[in-house]
Amino acid sequence: MHWDRLFEDLEGQLTAEWEAERAVLDAESERLRIARLDLRARLRTLCSAGADVTIGLVNGRRIPVSLQTLGADWVAVSTRGTGEGRSAPAGFFLPLAAVTGITTDHGMILASLDEPPAADPPLRERMTLGFVLRDLARRRVPVHISTHVGDDIHGTIDRAASDHLDLAVHDPGEARLARAVHGFRIIPFASLVAVRTPVDQVP
């Protein structure tokens, strides 16, 4: 009986040591996995959940939104006008370079750390901001553009080139007709903070 108790005690100690070693290895493996995790992977998870977040932008604005779609260098979001002076829902295309932070609840923060499924990203994740803006120009969708320097300009995109767009400036609610256009602006993509559209134009 003495030997049985001794070996049972040794087996218990060995099992505890193995479990402790496995926990250390698991923790180190998790740290390495998170170290390789990029912002796009986390945004992909948040977009697939339609997470409600507040996004900080480089022009100092913070907008409460629901994440919709992740593109190659942009994220599409939708919001109702609360806090922004709008009564109707609006959609935004936000360049990732213009995003300074994302605030959401702790549960979504933790969920965004999950390993994304190993699959090819959807086609829309390969669409660049220029591609999206060219589509808005083709469909003559009215837009409201915010820039790094604080400009808020309404109009219709006439064309989008490789790194800039041409905007015909006109009042909200006006169609892009020659008599309604106040002027024209060339706007580099690098200066864009947000492109607001009717919410049904957000993919």
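Let me begin with empty space: by the rule I use, the count comes to one cavity of 30 Å³ or more. On a 1 Å grid over the protein atoms alone, a cavity is a set of points where a 1.4 Å probe fits but cannot get out, and a lining residue has an atom within 4 Å of a point. Grid points are joined across faces, edges and corners, and the volume is the space filled by probe spheres set on the points. The largest cavity has a volume of about 30 Å³, and its lining is made by Leu39, Leu43, Ile55, Val75, Leu96, Val99 and Ile102. Helix α2 and strand β5 each supply at least two residues of that lining.

Before going further, I should say that this is a predicted model, in which local features need pLDDT of at least 70 and side-chain atom pairs count only at pLDDT 80 or more, while totals for chains, interfaces and linings use all residues. Residues are numbered from 1 along each chain as its sequence is written, and side-chain values use heavy atoms, with hydrogens and water left out.

Now to the overall layout. The protein chain has four helices and 10 strands, where helices (H or I, at least four residues) and strands (E, at least two) are DSSP runs numbered from the N terminus. Read from the N terminus on, the elements run α-α-β-β-β-β-β-α-α-β-β-β-β-β. Of the 203 residues of the chain, 38% count as buried, buried being under 20% relative accessible area with a 1.4 Å probe and protein chains only, exposed over 50%, and partly exposed in between.

How are the strands ordered in the sheet? It is an open sheet of 10 strands in the order β5-β1-β2-β3-β4-β10-β6-β7-β8-β9, with antiparallel pairing; two strands pair if DSSP finds at least two bridges between them. At the edges stand β5 (99-103) and β9 (183-188), each of which pairs on one side only. From one strand to the next the twist averages 40 degrees, with axes taken as lines fitted to C-alpha atoms, for helices over the stretch in contact, and angles running from 0 to 180 degrees between N-to-C directions.

Let me turn to strand β10 and its two partners. Four bridges join β4 (residues 90-95) to β10 (residues 192-198), and these strands run antiparallel; on the other pairing, four bridges join β6 to β10, also antiparallel. Valine 195 is the bridge partner of phenylalanine 93, and isoleucine 145 stands opposite valine 195 as well, while phenylalanine 92 stands opposite arginine 196. Strand β10 is mostly covered, since five of its seven residues are buried.

Two helices deserve attention here. Helix α4 (residues 129-138) packs on the sheet, touching β3, β4, β6 (142-147), β7 (152-160), β8 (164-169) and β10, and its direction makes about 95 degrees with that of β7; contact here means heavy atoms within 4.5 Å. As for helix α2, its buried residues are Ala41, Leu43, Thr45, Leu46 and Cys47, and what covers them includes β2, β3, β5 and α3 (106-111). Helix α2 is followed by glycine 50, whose phi is positive, near 60 degrees.

Which residues touch the most other members of the largest nonpolar core? Among its 21 residues, they are Leu133, Leu165, Leu167 and Leu192, a nonpolar core being a set of buried Ala, Val, Leu, Ile, Met, Phe, Trp, Tyr and Cys residues joined through side-chain atoms within 4.5 Å. Elements β3, α4, β6, β7, β8 and β10 each supply at least two residues of this core, and α4 gives the most, with five residues. Leaving aside its neighbours within four places in sequence, leucine 133 is in contact with Ile157, Ala160, Leu165, Phe189, Leu192 and Val195. A second, separate core of 20 residues includes Ile63, Leu70, Ala90 and Phe92.

I will finish with one residue, threonine 156, which is found in strand β7. Is threonine 156 buried or exposed? Threonine 156 is buried, with a relative accessible area of 2%. Not counting residues up to four places away in sequence, threonine 156 touches Arg140, Val141, Pro142, Asp166, Leu167, Ala168, His170 and Arg176.

Methods:
1 Å grid on protein atoms, 1.4 Å probe; cavity = no way out; pocket = protein on both sides within 12 Å on 5 of 7 lines; lining within 4 Å.
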